[in-house]
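Here are my notes on this one, in numbered points. Have the model open while you read.

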Amino acid sequence: MTTPNIKTKQLIGEDDQQLQRIETLHQQLKVEQARAQELLAKLKSEDVQPPKSLLKEYHKQAHRFGKENGGKKRMDIGMSEMKAEEREIRELEARVSGLEGKVRGFEGLPPDRELALTEVENMRKELVVLARRRDEMFDGLVDENR
């Protein structure tokens, strides 16, 4: 029977230490997983309410815009309802942004419809003149290079 040499004993000791570290880490991960699952379950429940500061701001805005839903004011809103409201607001913001972009296209035009149409027609005529001039200049360059 051979006795393990010192090097082998050191390797076995290091392996035992590594195994203990792994077991400790595994236990810590189990505890963290349990906490995360508990938090997730709590967040998924309808009982979760947003922070009071956020609720105060929400109520101010709801009161300011408050005649929607037949004038009913609802103070017990849940997270899912708040998320749905947020989605609607984002969609409205995107729509407003698109409309603002369209309106920017009319900047500089007079507010009177007839005057604006006249100005647009004048600009179209000027565009035609400039396009002809460009084409003539291009033809002149082509003729020079022949």
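1. A quick definition before anything else: exposed means over 50% relative accessible area, buried means under 20%, and partly exposed is what falls in between. Arginine 124 has a relative accessible area of 51%, so it goes down as exposed. Keep those cut-offs in mind, as I lean on them below.

2. This is a predicted model, so confidence comes next. The mean pLDDT of the chain is 80, and 82% of the residues reach at least 70. Which helix has the lowest confidence, and which the highest? Helix 2 (residues 52–64) is at the bottom with a mean of 75, while helix 4 is at the top with 90. As a general caution, predicted coordinates should not be read in detail where pLDDT is low.

3. On the overall fold, the chain has four helices and zero strands, giving α-α-α-α when read from the N terminus. Buried residues account for just 6% of the 146 in the chain. The accessible surface is about 14,000 Å², and carbon and sulfur atoms contribute 57% of that.

4. Now the charge pairs. Side chains of opposite charge can pair when their charged atoms come close. How many salt bridges turn up in the whole structure? The search finds five, and I comment on some of them here.

5. Glutamate 121 and arginine 124 form one of these, at 3.7 Å from N to O. Both residues sit in helix 4, three residues apart, or about one turn of the helix. Arginine 124 is the exposed partner from point 1, at 51%. Glutamate 121 has a relative accessible area of 35%, so it counts as partly exposed.

6. Arginine 113 and glutamate 114 also make a salt bridge, with an N to O distance of 3.9 Å. Are these two buried or exposed? Both arginine 113 and glutamate 114 are exposed.

7. Another pair is arginine 134 with aspartate 135, whose side chains meet at 3.0 Å, N to O. Arginine 134 is exposed because its relative accessible area is 54%. Aspartate 135 is at 37%, which means partly exposed.

8. Last, have a look at the negative surface patch made by Glu136, Asp139, Asp143 and Glu144. Glutamate 144 belongs to helix 4, which spans residues 113–144. Why does glutamate 144 count as exposed? Its relative accessibility is 63%, so it is classed as exposed. I'd mention this patch alongside the salt bridges when describing the charges of the model.

Technical notes. Residues numbered from 1 in each chain as written. Heavy atoms only, no water. Patch = residues over 30% accessible without salt bridge, like charges linked within 9 Å, V, L, I, M, F, W, Y side chains within 5 Å. Areas by Shrake-Rupley, 256 points an atom, 1.4 Å probe, with all protein chains shown as cover. Salt bridge = Lys/Arg side-chain N within 4 Å of Asp/Glu carboxyl O. Lys, Arg positive; Asp, Glu negative; His and termini not counted. Charge placed at Lys NZ, Arg CZ, Asp CG, Glu CD. Helix = DSSP H or I, 4+ residues; strand = E, 2+ residues; numbered from the N terminus. Buried < 20%, exposed > 50% of the residue type's maximum accessible area, 1.4 Å probe, protein only. pLDDT = per-residue confidence, 0-100.
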